[in-house]
Amino acid sequence: MSFFDRFKKKPTSGSPSGQWPQPPVADTMCLVLMDSVLEDVEQTAAHLKSVFGSQAVSGIDHDHPRVPAFTVTIDGLEFWCSYLPMPVPADTADISTAAQYSFLLSDEEKPDFANHRSFWMLAQKGGGTSLEEKRRVCWTFSMFCAALLEQEGAVGVHIVNRGGLLVSRRHYQQQREMMEDKTAANEEGYFPVPLWVWVYGSYEGETPIIRTTGLKDFGLPELGFYNPVRYSTGELLDFLYSMSSLQITGRQLYQNASLIPLDEKTEVVCKQDGEVLFFIGA
């Protein structure tokens with residue numbers, strides 16, 4: 001049995017059908033944070049041309065004197081790219097708070113996010129009209145972000161969705177290496193989930209939970225563990241990333257009342273709570 005096979009649901013008679021999948025969010029956006037203010041963006045545009053080809057990057061638009069912009073075309077997808085010489089406004093994202101509670105950032109990386117001084121705003125408009133196309137957009141977007149993170153002074157990435165996902169330059173490059181020699185439609189069923197799905201811990205009353213935010217952008221249910229006691233935080237992260245990958249790649253769609261084997265000794269049941277499917281019994 002493969003690692004992913006552990007999380008395939010068992011048939012259950014009389015299970016009510018869920019409301020998923022739904023249409024994904026067609027637009028996709030993220031921010032690349034920098035630790036300094038760039039004098040100009042010519043060097044960045046030149047680097048992107050070296051990675052994706054001389055025709056991939058448009059001319060630089062200086063219509064706004066402080067916000068230069070250009071477009072980048074990769075694999076037939078157009079990305080709008082603008083540079084803002086200022087920290088991310090608090091009403092856009094609370095980077096400091098998100099950094100404080102991030103599982104993925106080291107203690108050394110958290111201040112880098114909190115103290116960033118400028119950022120790139122990246123957007124792909126309208127490409128994610130189906131799960132397959134959303135997956136393709138996010139895969140290509142990951143390659144684009146990884147190229148931007150090769151710049152000196154790059155801190156990491158913040159995904160603009162319903163959560164507070166922050167991914168450090170170090171971790172992003174690790175995931176990019178795993179994408180090497182693969183495509184969005186790879187037969188391995190691999191998708192760089194940690195670059196697009198935020199996993200965080202909180203409490204419901206006095207009961208601990210750990211759950212995802214970001215799957216809904218793919219038109220999929222969020223996943224979580226309710227009152228987990230048998231597994232460490234690291235193990236729960238691995239479970240949620242693997243389960244999320246199965247959903248995003250179309251290999252598994254979890255539903256209310258499904259039974260899911262985590263390992264040879266533990267089986268959990270899905271219980272729907274709004275937009276989240278919680279796994280009970282871990």
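In the hairpin formed by β2 and β3, two residues lie between the strands, and Asp75 takes a positive phi near 55 degrees. The model is predicted. Asp75 sits in the loop between β2 and β3. The positive phi of about 55 degrees occurs here although Asp75 is not a glycine. Asp75 has a relative accessible area of 51%. The limit for an exposed residue is over 50%. Asp75 is therefore exposed.

The two strands of this hairpin run antiparallel. Strand β2 covers residues 69-74, and strand β3 covers residues 77-84. Six bridges join them. Two of the facing pairs can be named. Val72 has Phe79 in β3 as its bridge partner. Ala69 is paired with Ser82 of β3.

Strand β3 also pairs with β4. This second pairing is antiparallel too and has five bridges. Leu84 stands opposite Phe119 of β4. Six of the eight residues of β3 are buried, so the strand is largely enclosed by the rest of the structure.

Strand β4, residues 118-124, has a further pairing with β1. The sense is antiparallel, and seven bridges are found. Within this pairing, Cys30 lies opposite Leu122 of β4. Strand β1 also pairs with β5, residues 154-159. These strands run antiparallel and share five bridges. Here the bridge partner of Val32 is Val157 in β5. Burial of β1 follows a clear count. Six of its seven residues are buried, so β1 is largely enclosed by the rest of the structure.

The segment before β1 contains Pro24; β1 itself spans residues 28-34. Pro24 has a relative accessibility of 12%. The limit for a buried residue is under 20%, and Pro24 therefore counts as buried. Its contacts were examined beyond residues up to four places away in sequence. Pro24 touches Gly128, Thr129, Ser130, Leu131 and Lys134. Pro24 also touches Asp217, Phe218 and Gly219. A separation along the chain can be set beside these contacts. Pro24 and Val41 are 17 residues apart in sequence, and their C-alpha atoms are 32 Å apart in space.

A second positive phi appears at Asn227. The value is near 55 degrees, and this residue is not a glycine. Asn227 lies in the loop between β9 and α6. In that part of the chain, β9 spans residues 222-226 and α6 spans residues 233-248. With a relative accessible area of 37%, Asn227 is partly exposed.

Pro228 belongs to the loop between β9 and α6. Its relative accessibility is 17%, so Pro228 counts as buried. Leaving aside neighbours within four places in sequence, Pro228 contacts Pro208, Ile210, Leu236 and Ala282. Gly128, which Pro24 touches, is 100 residues from Pro228 along the chain. The C-alpha atoms of Pro228 and Gly128 are separated by 34 Å.

The wider fold was then considered. The chain has six helices and 12 strands. Its C-alpha trace spans about 60 × 40 × 30 Å along the principal axes. The radius of gyration is 20 Å. A compact globule of 282 residues would have a value near 19 Å, so the two agree.

Buried residues account for 49% of the 282 residues. Contacts over long sequence separations are also frequent in the count. Among contacts between residues at least 6 apart in sequence, 65% join residues at least 24 apart. The accessible surface comes to about 13200 Å². Carbon and sulfur atoms contribute 48% of that surface.

Charged side chains complete the description. The chain has 23 positive and 36 negative side chains. The centres of the two sets lie 6 Å apart.

Key:
Residues numbered from 1 in each chain as written. Predicted model: local features only at pLDDT ≥ 70, side-chain atom pairs only at ≥ 80, totals over all residues. Heavy atoms only, no water. Helix = DSSP H or I, 4+ residues; strand = E, 2+ residues; numbered from the N terminus. Rg over C-alpha atoms; globule rule 2.2 N^0.38 Å. Buried < 20%, exposed > 50% of the residue type's maximum accessible area, 1.4 Å probe, protein only. Contact = heavy atoms within 4.5 Å. Areas by Shrake-Rupley, 256 points an atom, 1.4 Å probe, with all protein chains shown as cover. Lys, Arg positive; Asp, Glu negative; His and termini not counted. Charge placed at Lys NZ, Arg CZ, Asp CG, Glu CD. Pairing = 2+ DSSP bridges.
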